[in-house]
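I opened this model to look up a few things about surface and fold. My notes follow in the order I took them.

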Amino acid sequence: MKNTIIVIMVVVAATAGAFFIAPMLKPSNNAFAPDSPSPQVSKRLKGIFKGMGEGFSK
């Protein structure tokens with residue numbers, strides 16, 4: 001009986017630990033993000049987004 005309670009406590013502690021630690025382990029893509037947005041956008045990129053807008057509006 002005592003061993004069962006210890007096993008249950010260990011499982012609860014591991015589950016709670018995983019629940020609270022998991023969000024901290026999630027990777028973020030901030031390593032390559034610029035410090036500030038670029039004021040320039042290439043003409044090619046503007047054309048891509050313009051074409052996407054036209055395609056979705058129809």
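Entry 1. I began with I21, in a model that is predicted, not experimental. Is I21 buried or exposed? The relative accessible area of I21 is 41%. Buried would need a value under 20% and exposed one over 50%, so I21 is written down as partly exposed. I located I21 in helix 1, which covers residues 2-25.

Entry 2. I then checked which nonpolar surface patch I21 belongs to. I21 shares a patch of about 640 Å² with F19, F20, M24 and L25. I looked up two of these members separately. F19 has a relative accessible area of 61% and is exposed, because the cut-off for that class is over 50%. F20 comes out at 57%, so F20 is exposed as well.

Entry 3. I searched the whole structure for aromatic pairs and found 1. The partners are F19 and F20, in an edge-to-face arrangement. I noted 5.3 Å from centre to centre and 80° between the ring planes.

Entry 4. Next I went over helix 1 as a whole. How far does helix 1 reach from its first C-alpha to its last? I read 34 Å for its 24 residues, close to the 34 Å expected at 1.5 Å a residue. Helix 1 does have a kink of about 30°, which I placed at F19. The proline P23 follows shortly after that kink. F19 therefore appears three times in these notes: as an exposed residue, as a ring in the aromatic pair and as the site of the kink.

Entry 5. How many residues of helix 1 are buried? I counted 0 among the 24, and I noted the helix as hardly covered. For the chain, 0% of the 58 residues count as buried.

Entry 6. Last, I took the totals. The chain has 2 helices and 0 strands. Its accessible surface comes to about 6000 Å². Carbon and sulfur atoms account for 69% of that area.

How values were computed:
Residues are numbered from 1 along each chain as its sequence is written. This is a predicted model: local features need pLDDT of at least 70, side-chain atom pairs count only at pLDDT 80 or more; totals for chains, interfaces and linings use all residues. Side-chain values use heavy atoms; hydrogens and water are left out. Patches are made of residues with over 30% relative accessible area and no salt bridge: like charges are joined within 9 Å, nonpolar side chains (Val, Leu, Ile, Met, Phe, Trp, Tyr) within 5 Å. Accessible areas come from the Shrake-Rupley method with a 1.4 Å probe; for residues, only the protein chains shown count as cover. A salt bridge is a side-chain nitrogen of Lys or Arg within 4 Å of a carboxyl oxygen of Asp or Glu. Helices (H or I, at least four residues) and strands (E, at least two) are DSSP runs, numbered from the N terminus. Buried means under 20% relative accessible area, exposed over 50%, partly exposed in between (1.4 Å probe, protein chains only). The expected span of a helix is 1.5 Å times one less than its number of residues. The bend at a residue is the angle between axes fitted to the seven residues ending there and the seven starting there. Rings of Phe, Tyr and Trp (its six-membered ring) pair if their centres lie within 6.5 Å; planes under 30 degrees apart count as stacked, over 60 as edge-to-face and the rest as tilted.
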